Amino acid sequence: MGGDPWGMAVGVRSGAAAGRQGGLAPRRRRGDAPFPEMDCLRARLRSSVLVQAEQRAAALGTGADRVLIAAGALSEEDYVLALSEALGVAFEPLDGVSRAMCLADDASLIAAAAHGMVPIAIDDRPCMVVAPRGVAAREITRLVREDPARAAQFRFTTSERFNRFVLRCAGSALASRASNELKQTRPRFSAAPPHRFGPFIPLATISAIALVAVLFAPAAALFVTEVALAVLFLAWLGLRLIGAAVPRTASAPLPETPAAVLPIYTIIAALYREAASVDALLASLERLDYPREKLDVIVAVEADDRETRAALAARKHRIPITVIPVPTGGPRTKPRALNVALPFARGAYTVIYDAEDRPDRDQLRRALQAFDAAGGDLACVQARLCIDNTADSWLVRLFTAEYAGQFDVFLPGLAGLRLPLPLGGSSNHFRTEVLRAAGAWDAYNVTEDADLGMRLARLGYRMDVIDSTTYEEAPARLGPWLRQRTRWFKGWMVTWRVHMRQPIRLLHELGLAGFLSFQLMVGGNVLAALVHPLFIAGLIYLLAGGAPMWRGDGAAIATLAALYGASAVIIGYLTSAFLGWLGLYRRGLLGTSWVLLMTPLHWPLLSLAAWRALFQFVIAPHTWEKTEHGLAKSSRQAANTTRALLQLERHLSEPKNSGKLPVLGEDTGRARRAWPPARTAA
């Protein structure tokens, strides 16, 4: 067999990578047809459809076949079969290819998931199985036409069949890597068992000393404890106020970025028991202002979640969707599912969304704007999360104020100070290469987002917050709210334990400011909730006029200690209310600010969740308590859309506006050619 299939594969793979990174298609040679990948369809589709596809492919810098497939003009399998027939390249369904026939080891096979090429041996003759992506079909067409003998060196398949093959042959290795890669490659960052409680030894020692002090000098011990906790609590509040005081920076207008230089953008959503949310999630992704040919949407679903997988299969998608069944195994957590999906990511950038997320249409472009304006040390940008079902209950209204204070006030301030960010659970946009190099997510941490933010900071990267919103659904009932908050508090405990294994090293890697902010953001967040009952007890002590158990100087010391605790409670309530009010003000939701009067009720609930989390931290640190979605009764976004449509209807009904149609739809204001064309046979 003439030629070198491996060398040619490198060339094809390089061409595909150019499309994946957003570069223009490889320069064609003199005399080449500009879109040879379309020749196999010229007798099957109308010339007008082919011309539109070629024009769009030229504008996007991708293969014209990708345009037709993304538009739904034909299926990927129909195209690959037509290409195989035209070039004399065999179509390989891969169903009959055994693991022994694959010439790649498990690690190489898993890596092949991103670029769609793997060597196999058929009758002891090696060949390259290719699922054409980007401009790969164009490059292979040119190679085969230069030398028809090369057709025997390739076999074509579809992305879906290729992914099934990877999961069938390397599924066990992929599942093991998703659970344990961080533990194996960066053990100091992993929360995987066996657990190391080194950071808690000093705390246990301090607690033992405090217990002895309470037995022999109870009033003095109470005073020292109250003052120490109050100082830490007030420092935590002070950091939040400092973040709020950082001046806001106006977001720059989005540049007119040529579509050809836009990179492939991967979207990963990990779903579990979310059949009711599938349609709304995918509808929101379909509305994103980004070329569908350059969207790489991956939905990771637990293999035994038949309902969600059935909902995905039943829905007609307007953008290509890759569904990855997550092999069974432990721990069953969202970060493990994300780790299973990540090897299939083809994009230069990757964003994570949850089932209930509704991102702004321009969010991907906003993220790229931030990455392009920053240096290579910017690893991740966080979109602002906002609660959408605010009207469902008083608990959701409190959630709305809390999120507004966190994502519209506090986190942007921290980013402005170049301090480590505890990332939110969704709408994190990463440089894919950096995410992989950092070890991705810790499958054993139930707040994988905050943990990953700290790890990236320790590795020398920084994070930022972009002026784009993702709307989410919050639990409206106490039970689901309590379970969700328990998981968050437990994850922060795990995160603190992991990163405090080597405090001196942590100080060196984060710097003094970063080290202190970590203690206050992660440790202080938990501590504030845990000690709140003690402060409340001090307040009750003062209101009761002092308990009769103290005598002489002890009574004065106890009163002073209670005063410190009560002051911390009052200052804490006022600070939280202020941050919530400021966030609501920036969101234009001051009509909801009355709920901040319920802050004294909110804090005891947070304390209950923290103590419940402490119990779970000891007995079940990796258990993931699922939050159900799709239960919202109201939607502020839907209400705003309805009002806008009513205003449009009134506008059109006025005689003076007859025949004057306002331009609707595109946030960018750019006119776009209708696509896809009608599916038409020749």
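**Exercise 1. Find the handedness of the crossing between helix 4 and helix 6, then describe how the pair packs.**

Step 1. The crossing of helix 4 with helix 6 is right-handed; a crossing gets that label if the near helix is turned clockwise from the far one by less than a right angle, and left-handed if anticlockwise. Helices (H or I, at least four residues) and strands (E, at least two) are DSSP runs, numbered from the N terminus.

Step 2. Helix 4 covers residues 76-87 and helix 6 covers residues 136-146; their axes are 11 Å apart, at an angle of about 10 degrees. Axes here are lines fitted to C-alpha atoms, for helices over the stretch in contact, with angles from 0 to 180 degrees between N-to-C directions.

Step 3. That makes helix 4 roughly parallel to helix 6. The classes are: under 35 degrees roughly parallel, over 145 roughly antiparallel, 65 to 115 roughly perpendicular, and the rest oblique.

Step 4. Now the residues: Tyr79, Leu83 and Leu87 of helix 4 meet Ala137, Thr141 and Val144 of helix 6. Contact means heavy atoms within 4.5 Å. Recall that an α-helix has 3.6 residues a turn, so residues three or four places apart point the same way.

Step 5. As for burial (under 20% relative accessible area is buried, over 50% exposed, partly exposed in between; 1.4 Å probe, protein chains only), 9 of the 11 residues of helix 6 are buried, so this helix is largely enclosed by the rest of the structure. Among them are Arg138, Glu139 and Arg142.

**Exercise 2. Check what kind of model you're working with, and how confident it is.**

Step 1. It's a predicted model, in which local features need pLDDT of at least 70 and side-chain atom pairs count only at pLDDT 80 or more, while totals for chains, interfaces and linings use all residues. Residues are numbered from 1 along each chain as its sequence is written, and side-chain values use heavy atoms, leaving out hydrogens and water.

Step 2. The chain's mean pLDDT (the predictor's confidence in each residue, from 0 to 100) is 85, and 81% of residues reach 70 or more. Residues 1-8 fall below 50, and that stretch has 16 contacts beyond near neighbours in sequence.

Step 3. For the overall picture, the chain has 21 helices and 12 strands, and 55% of its 682 residues are buried.

**Exercise 3. Work out how helix 17 and helix 20 cross, and where Phe617 fits in.**

Step 1. The axes of helix 17 (residues 478-499) and helix 20 come within 8 Å and cross at roughly 55 degrees. That makes helix 17 oblique to helix 20, and the crossing is right-handed.

Step 2. Phe617 lies in helix 20 (residues 599-619) and is buried at 6% relative accessible area.

Step 3. Phe617 and Val494 sit 123 residues apart in sequence, yet 7.6 Å apart in space, C-alpha to C-alpha. Both are among the residues where helix 17 and helix 20 meet.

**Exercise 4. Two non-glycine residues have positive phi: is Leu94 buried or exposed, and is Arg418 buried or exposed?**

Step 1. Leu94, with phi near 70 degrees, sits in the loop between strand 1 and helix 5. Leu94 is buried, at 1% relative accessible area.

Step 2. Arg418, with phi near 60 degrees, is in the loop between helix 14 and strand 11. Arg418 counts as exposed, at 59%.
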